[in-house]
Amino acid sequence: MSSKIMVSVIVPCFNSSKTIKRAIDSVLKQKIDALIEIIIIDDNSSDTTIKYLKELKSDDNFIFKILRNKKNKGVGFSRRKGIE
């Protein structure tokens, strides 16, 4: 078990294929000594967002968790789902 603090970042997204990479890169560039868990909730995108997200790989410093809503439910619902 790691002795690092874990920081969870919730990122709701919808049709974000043009911006999701920049959002994730911004989280990963933070200068903190912690294990970063990025919880991405795709709100049933119809573009290539989910394809890009499925290509992401976790490593020793960060963990990706990808959740997908079966129907578009909005950003508030997606945030609450990430918190759960």
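Note to self on terms: I count two strands as paired if DSSP finds at least two bridges between them. Helices (H or I, at least four residues) and strands (E, at least two) are DSSP runs, numbered from the N terminus.

This is a predicted model, so I take local features only at pLDDT of at least 70 and side-chain atom pairs only at pLDDT 80 or more, while totals for chains, interfaces and linings use all residues. Residues are numbered from 1 along each chain as its sequence is written, and side-chain values use heavy atoms, with hydrogens and water left out.

Looked up the strands. E2 (residues 34-42) runs parallel to E3 (residues 62-68), with seven bridges between them. I find Ile 40 opposite Ile 66 of E3. With helix H2 (residues 49-54), E2 and E3 form a right-handed β-α-β unit (strands pointing away from the viewer, the path from the first strand over the helix to the second runs clockwise).

Next, the largest nonpolar core (buried Ala, Val, Leu, Ile, Met, Phe, Trp, Tyr and Cys joined through side-chain atoms within 4.5 Å; buried is under 20% relative accessible area, exposed over 50%, partly exposed in between, 1.4 Å probe, protein chains only). It has 13 residues, and those touching the most other members include Ile 38 and Phe 64. E1 (5-13), H1 (20-28), E2, H2 and E3 each give two or more residues to this core.

I then checked Ile 38 beyond four places in sequence: its contacts (heavy atoms within 4.5 Å) include Val 9, Ile 24 and Phe 64.

Last, the loops. Asn 15, between E1 and H1, has phi near 45° and is partly exposed at 33%. Asn 44, between E2 and H2, has a positive phi of about 65°.
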